[in-house]
Amino acid sequence: MSEHSTYTPGTGIEKWLDERLPIIRFSKEHLMDFPTPKNLNYWWTFGAILAIMLVVQIVTGVILAMHYTPNVALAFDSVEHIKRDVNGGRIIQAVHSVGASMFFAAVYVHIFRGMYFGSYKAPREILWILGVLIFVLMMATAFMGYVLPWGQMSFWAATVITNIFGAIPVLGNPILELLRGGFSVGNPTLNRFFSLHYLLPFVIAAVVVLHIWALHVPGNNNPIGVDVKSSRDTVPFHPYYTMKDLYGVVLFAIPFAWFVFFAPDILGHPDNYVMANSQVTPAHIVPEWYFLPFYAILRAIDFNILFINSQLGGVIFFGGSIVILFFLPWLDTSKVRSGTFRPMFKWFYWLFVINFLALAYLGAAPAEGVYVILAKICTAYYFAHFIIVLPVLSRIEKPRPLPASISESVLGKAHA
């Protein structure tokens with residue numbers, strides 16, 4: 001998007017470096033001077049928050065890996081050793097475990113912001129697809145990380161979730177045995193999951209680089225969803241948005257710090273503070289809170305369809321609930337990006353948010369009685385939102401008139 005570079009090396013060393021590896025020129029053009037819409041609100045700071053959270057998770061994870069032992073006889077005790085005996089171990093472990101929850105809280109805000117303001121629409125389809133891919137990689141990484149403390153919930157969650165692959169026809173059992181390293185969850189499973197949990201964050205970091213690159217080609221979306229018309233509509237990313245993002249990061253760090261210092265275990269399941277025992281099944285096997293909506297969808301399908309058994313049906317709907325997000329840019333064909341100017345879309349959007357929160361609640365509830373019926377209804381609406389509501393709204397909804405430009409919108413608010 002930048003035309004001619006405004007960077008001029010200030011010293012001989014900078015000039016020497018610029019001729020050989022123009023990294024300072026690159027960062028100035030693509031990070032500091034990058035023209036950014038002047039009307040971005042605080043929902044846009046979650047991108048920066050997520051980048052910092054990824055760094056926090058990688059740094060604390062590498063330190064924890066130095067003291068962790070991926071062996072079924074020693075894993076649980078090695079986590080206790082980190083908490084009790086390693087210098088600063090309790091804080092590092094708390095930052096990493098609480099950080100996973102904060103990471104997902106931020107990513108859900110980031111996704112729902114993108115859904116409301118139409119950040120998945122042309123020309124940002126690849127940006128959205130890479131974002132969903134990051135989300136899938138995060139889920140895989142977090143699941144494997146949850147198994148590593150080798151508590152009761154770790155072991156049984158690993159057993160239940162890996163069983164998903166066993167429902168796949170023909171290939172299911174070979175995949176299941178490859179993933180577990182045997183016929184049941186055991187030492188080979190723990191070793192595999194530790195290796196992959198260590199590797200995947202670096203894969204995520206690589207996809208994040210592509211995600212940011214894909215953002216910088218068309219530029220940022222904005223709250224009114226109108227394309228940048230001229231330089232009047234933008235400001236340089238630094239110092240305007242670096243300061244705004246930094247303020248958002250500090251605000252986000254306050255509840256993060258509260259959990260780390262005052263309630264580091266509150267987000268975990270009590271059963272996970274008991275060492276894994278394959279002979280004792282917990283009363284209710286539940287994953288971490290950030291998987292609950294998808295877990296509710298997995299459990300909701302308990303009837304046979306044609307030649308598909310209930311377990312396979314659950315797996316198809318579970319996988320479909322994530323895969324459908326990849327197709328969102330083509331399911332919502334409305335020419336208006338921002339939900340601000342779509343009166344009917346707003347109502348259905350907030351209904352979808354409430355439905356998603358209801359699925360999270362139902363994922364933690366026992367699979368019996370009215371909870372099962374509600375889970376089926378919420379699952380049906382989850383898919384209906386993408387397959388029926390959005391395509392129909394695109395045809396029948398009459399959006400409000402859009403401002404001619406970002407500047408007109410901003411100035412209009414100032415004079416109102």
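G248 is found in helix α10 (residues 237-262), and that's a handy place to start with this predicted model.

**Exercise 1.** Work out whether G248 is buried or exposed, and which residues it touches.

*Solution.* Start with the cut-off: buried means under 20% relative accessible area. G248 has 8% relative accessibility, so it counts as buried. Next, skip residues up to four places away in sequence, and you'll find G248 touching T45 and I49. K229 is another story: it sits 19 residues from G248 along the chain, with 28 Å between their C-alpha atoms.

**Exercise 2.** Find the residues that touch the most other members of the largest nonpolar core, then look up the contacts of F104.

*Solution.* This core has 103 residues, and F104, M115, Y382 and F386 touch the most other members. Helix α5 (residues 89-116) chips in the most, with 15 residues. Now take F104: leaving aside neighbours within four places in sequence, F104 contacts F135, M138, M139, A142, W289 and Y290.

**Exercise 3.** Trace the salt bridges of R342 and say whether R342 is buried or exposed.

*Solution.* One partner is D332, with the closest N and O atoms 3.1 Å apart. Another is E397, where the closest N and O atoms are 2.8 Å apart. That second pair links distant parts of the chain, 55 residues apart: E397 is in the loop between α15 (370-396) and α16 (406-415), and R342 is in the loop between α13 and α14. R342 has 0% relative accessibility, so it's buried. D332 is buried at 2%, and E397 is buried at 9%. Add K121, and you have a network of salt bridges linking K121, D332, R342 and E397.

Methods:
Residues are numbered from 1 along each chain as its sequence is written. This is a predicted model: local features need pLDDT of at least 70, side-chain atom pairs count only at pLDDT 80 or more; totals for chains, interfaces and linings use all residues. Side-chain values use heavy atoms; hydrogens and water are left out. A nonpolar core is a set of buried Ala, Val, Leu, Ile, Met, Phe, Trp, Tyr and Cys residues joined through side-chain atoms within 4.5 Å. Buried means under 20% relative accessible area, exposed over 50%, partly exposed in between (1.4 Å probe, protein chains only). Helices (H or I, at least four residues) and strands (E, at least two) are DSSP runs, numbered from the N terminus. Contact means heavy atoms within 4.5 Å. A salt bridge is a side-chain nitrogen of Lys or Arg within 4 Å of a carboxyl oxygen of Asp or Glu.
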